[in-house]
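Here are a few exercises to work through with the model open in your viewer. Try each task before you read its solution.

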Amino acid sequence: MNIILNRTKRFCGYLVGIVFFISGVLKLLDPVGTSMIVDEYYKFMHLDFLSFSAKPAAVALSMAESLIGAALITGVWRRISAIAALSAMGVFMLISIALLIFNPVMDCGCFGEAIHLTHLQTFVKNLALSALCCISFFPFAALGRPKKRKYVAFSMVSAGLVLFAVYSLLYIPVVDFTDYSASARLEASERFSGGPLAADDEYEAVFVYEKNGRTREFTLDNLPDSTWTFVSTETVKKEDNLRRDESVISLPVIDDLGEYHDRLAAGHKVMVVSVYSPDRLSQRKWRAISHYLASAAENGFRPLLLMAASPEKGQEILAGLEADGAAEMDLLRQSAYYSDYKTLITLNRSNGGATYFSEGFLVRKWSFRGLPGENRMADLGQEDPTEPLLSYGTVGNLLLQAFFLFSFAVMLLL
């Protein structure tokens, strides 16, 4: 009987540890995105003055969650791990109850950008984990002791987590779970505006009618009888014109005069350098961006510099660079356009990162530290865009899967 009880307790501990570990790693995968979630929590709790600490707090909390998960799976320091897990679940429960009551327009961020839960789903998830924690950890006297080799396993996984976190901080996520991922297509591309699909063919009218307190949508070919009351008309994209697996994104762009140019990135081979915090870039980085745009232009790309700033502020920044002689200004001015902060930080998590579009498709991304050199740029200019698109998505997924496989193999088998 005791053997069955102990195995049940350890199994529940495994489940809690697995959820903690996966949740922590998915948040470590994207420190910038996680910091945005932390900042939303600051605003929700009226702690806006702590916004400066959002990124360090995001990394620290994600690392702590991952380590607690690793400790629960390996079974090391069981009493300390149990107290840490119970404390974390207590905080998570309080937050999920607050989200459920006040229902703010925000995501819980439990699994980063990978999985989005409603406030009710978050509460149910935390309630289930809390129940598993109680089954696994009480009474403390029955927690038992781990085998010595499990401390080696925990150390190896901890080292892997540190390296994973450092990479994520220096570069962009190996897997992008945002809408701006590889193969996403710009809404302004030929298929979605002014191309072979005319507006009349691409959109259809939907008529909303009401009867007995309920509303229903009808098409022009399927209108209801006279017992229904007309409410409104809506124009929507035809279902047949959208692939179910196709992500459609918007990239709003304005010029110095404030006019929109949404199709600038929808052409053939466009290299976009996005700067979501232009005030934070050093002269050295601006010089590198200028050189990179010139290299892109030389190899057949249309260079496009997008700054998260108003046209007036952008011109002021460029004028300051020209006064300091920090970069070659002609190309910077010719390729400079403006967009909003949220779009650019979602497009590319690196401040000064590059994103390659071709025929409206997002092909791949690079962080500022990982910008392709002259030779690689020349190869990209000659290659079919399909090749880097396929390799980019595949390699990233394989790397994340390999990290999870390594971690679980070490924790469970060693």
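For sorting residues by class, Ala, Val, Leu, Ile, Met, Phe, Trp, Tyr, Cys and Pro count as nonpolar, Asp, Glu, Lys and Arg as charged, and the rest, Gly among them, as polar. Keep in mind that this is a predicted model.

**Exercise 1. The cavities**

Task: find the cavities of 30 Å³ or more in the whole structure, then sort the lining of the largest cavity by class.

Solution. Start with the search: three cavities of 30 Å³ or more turn up. The largest has a volume of about 70 Å³.

Next, list its lining: Asp30, Ile172, Pro173, Asp176, Thr178, Thr346, Leu347, Asn348, Arg349, Lys365 and Tyr392. Sorted by class, that lining gives four nonpolar, three polar and four charged residues.

Now do the second largest cavity, with a volume of about 50 Å³. Its lining consists of Leu26, Leu29, Asp30, Glu113, Ala114, Pro173, Val175, Asp176, Phe177 and Thr178. Here the split is six nonpolar, one polar and three charged. Asp30, Pro173, Asp176 and Thr178 appear in both linings.

**Exercise 2. A helix pair**

Task: describe how helix 3 (residues 54-74) packs against helix 13 (residues 386-413).

Solution. Two numbers do most of the work, since a packed pair is described by the angle between the axes and the distance between them. For this pair the angle is about 35°, and the axes are 8 Å apart. As for handedness, helix 3 passes helix 13 in a right-handed crossing.

Then look at who touches whom. Ala70, Ile73 and Thr74 come from helix 3, and they meet Phe408, Met411 and Leu412 of helix 13. By class, this contact has five nonpolar residues, one polar and no charged ones.

**Exercise 3. Ala54 and Tyr209**

Task: are Ala54 and Tyr209 buried or exposed?

Solution. Take Ala54, which sits in helix 3. The cut-off for buried is under 20% relative accessible area, and Ala54 has 6% relative accessibility, so it counts as buried. Leaving aside neighbours within four places in sequence, Ala54 is in contact with Ser35, Val38, Asp39 and Tyr42. As a distance check, Ala54 and Val32 are 22 residues apart in sequence, and their C-alpha atoms are 9.1 Å apart.

Move on to Tyr209, in strand 2 (residues 203-211). Tyr209 is buried too, because its relative accessibility is 14%. From Tyr209 to Thr229 is 20 residues in sequence, but 5.3 Å in space, C-alpha to C-alpha.

**Exercise 4. Backbone oddities in loops**

Task: which residues does a cis peptide bond join, and where do His46 and Ser183 lie?

Solution. Check omega: at about -5°, the bond joining Phe138 and Pro139 is cis. Pro139 belongs to the loop between helix 5 (119-137) and helix 6 (149-170).

Then check phi. His46 is not a glycine, yet its phi is positive, about 60°. You'll find His46 in the loop between helix 2 (31-44) and helix 3. With 66% relative accessibility, His46 counts as exposed.

Ser183 has a positive phi as well, near 85°. Ser183 lies in the loop between helix 6 and strand 1 (185-186), and at 37% relative accessibility it counts as partly exposed.

**Exercise 5. The whole fold**

Task: how many helices and strands does the protein have?

Solution. Count 13 helices and 10 strands. To round things off, 47% of the 414 residues are buried.

Methods:
Residues are numbered from 1 along each chain as its sequence is written. This is a predicted model: local features need pLDDT of at least 70, side-chain atom pairs count only at pLDDT 80 or more; totals for chains, interfaces and linings use all residues. Side-chain values use heavy atoms; hydrogens and water are left out. Axes are lines fitted to C-alpha atoms, for helices over the stretch in contact, and angles run from 0 to 180 degrees between N-to-C directions. Helices (H or I, at least four residues) and strands (E, at least two) are DSSP runs, numbered from the N terminus. A crossing is left-handed if the near helix is turned anticlockwise from the far one by less than a right angle, and right-handed if clockwise. Contact means heavy atoms within 4.5 Å. On a 1 Å grid over the protein atoms alone, a cavity is a set of points where a 1.4 Å probe fits but cannot get out, and a pocket is an open set with protein on both sides within 12 Å along at least five of seven lines; lining residues have an atom within 4 Å of a point. Grid points are joined across faces, edges and corners, and a volume is the space filled by probe spheres set on the points. Buried means under 20% relative accessible area, exposed over 50%, partly exposed in between (1.4 Å probe, protein chains only).
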